[in-house]
Amino acid sequence: MGTVLSISPATKKVIDVDDKGDKSLKRPSMFVSLSWKKLVASSAKKSAKKVTPTPNPNPPCAQVAQRNSDNLRKSLQSEERKQRAPIPVPVPTVPAHNNNNGSSKAPPALKQDSSPAVAVSPRRIVIQASTGELLRCLGDFVCRRCFKLKELNSGEVILWFRNIDRTLLLQGWQDQGFITPANVVFVYLLCEDTLDESVASAAELQGAFQTCLYLAYSYMGNEISYPLKPFMIEANKDVFWETSLSIIERLSGKMLQLNADPHFFTEVFQELKSQRDCSEANLDR
């Protein structure tokens, strides 16, 4: 007996449908893979292309140097033009003079001088005098001012000055002598205003003169302070301080001006030098 197999057409259709469904499901994966390959290939082609930047013919440094050279050349050219151009000089105008007839006649025009102007420096007065000469002038002035003291001479006044300066040096109150031409001029400024014709004794004159010396040392000296003993006379302590305060009150401005204004110093210097006794000056010659 044989076996009979029967295949219904319905099952076949089902199989065919299943096969077609599987094929339709597999197609999108193929499309995705193809699109991904194209994307990778296109990106590879773009990356393979080399971008070559166009070189700048003038780098920034070269441009800056070129501009600097151009500006320098222009400035030099403008300076040369200014130097070549003549400098205008204003010509002063003179008002017209009226004649007797009433007609005004103008003077001839002044010609403009093309030569460069020469600056004329002010005249300088050179005065020379030694320390010894100025000391003798100071002594002569004191003797002439205090004419009532017949026995007084200029050497005695100079000796008062030198003794105080030597004492300060020996006692160590100063390292170098105070007597210099400038300091002698300063002492003369104080003495000229302080010493009076009414001085009746040599002691009174010595006290006033040494008071001027104390203020001169305090103002012009190199040391910070000086002792009172060589300058002050014990019998005239009150007079010493009263005279000192009076001199400071009257001559503070002139003392400052003597150091600040060279013209004023020259005037006082000339005045001191002119105090020399004519007879003694002729003997020195």
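**A helical nonpolar core and the α5–α6 contact**

In this predicted model, the largest nonpolar core holds 51 residues. Phe161, Leu190, Leu205, Phe209, Tyr217 and Phe231 touch the most other members. Six helices each supply at least two residues of this core: α3 (131–145), α4 (154–170), α5 (181–194), α6 (202–220), α7 (237–260) and α8 (262–273). The largest share, 10 residues, comes from α6.

Phe161 has an extensive list of partners beyond its sequence neighbours. With residues up to four places away in sequence left out, Phe161 touches Leu135, Leu138, Phe178, Ile179, Val184, Val187, Phe209, Leu213 and Tyr217.

Helices α5 and α6 pack against each other at an angle of about 135 degrees. Their axes lie 9 Å apart. An angle between 115 and 145 degrees counts as oblique, and α5 and α6 are therefore oblique to each other. Their crossing is right-handed. On the α5 side, the contact is made by Asn183, Phe186, Val187, Leu190, Cys191 and Thr194. On the α6 side, Phe209, Cys212, Leu213, Leu215, Ala216, Tyr219 and Met220 take part. The residues of this contact comprise 11 nonpolar, two polar and no charged.

Leu134 lies in helix α3. Its relative accessibility is 0%, so Leu134 counts as buried; the cut-off is under 20%. Not counting residues up to four places away in sequence, Leu134 touches Ala129, Pro181, Val184, Phe269 and Leu272. One of these partners, Phe269, is 135 residues from Leu134 in sequence. In space, the C-alpha atoms of Leu134 and Phe269 are 9.0 Å apart.

Terms used. Residues are numbered from 1 along each chain as its sequence is written. This is a predicted model: local features need pLDDT of at least 70, side-chain atom pairs count only at pLDDT 80 or more; totals for chains, interfaces and linings use all residues. Side-chain values use heavy atoms; hydrogens and water are left out. A nonpolar core is a set of buried Ala, Val, Leu, Ile, Met, Phe, Trp, Tyr and Cys residues joined through side-chain atoms within 4.5 Å. Buried means under 20% relative accessible area, exposed over 50%, partly exposed in between (1.4 Å probe, protein chains only). Helices (H or I, at least four residues) and strands (E, at least two) are DSSP runs, numbered from the N terminus. Contact means heavy atoms within 4.5 Å. Axes are lines fitted to C-alpha atoms, for helices over the stretch in contact, and angles run from 0 to 180 degrees between N-to-C directions. Angles under 35 degrees count as roughly parallel, over 145 as roughly antiparallel, 65 to 115 as roughly perpendicular and the rest as oblique. A crossing is left-handed if the near helix is turned anticlockwise from the far one by less than a right angle, and right-handed if clockwise. Ala, Val, Leu, Ile, Met, Phe, Trp, Tyr, Cys and Pro count as nonpolar, Asp, Glu, Lys and Arg as charged, and the others, Gly among them, as polar.
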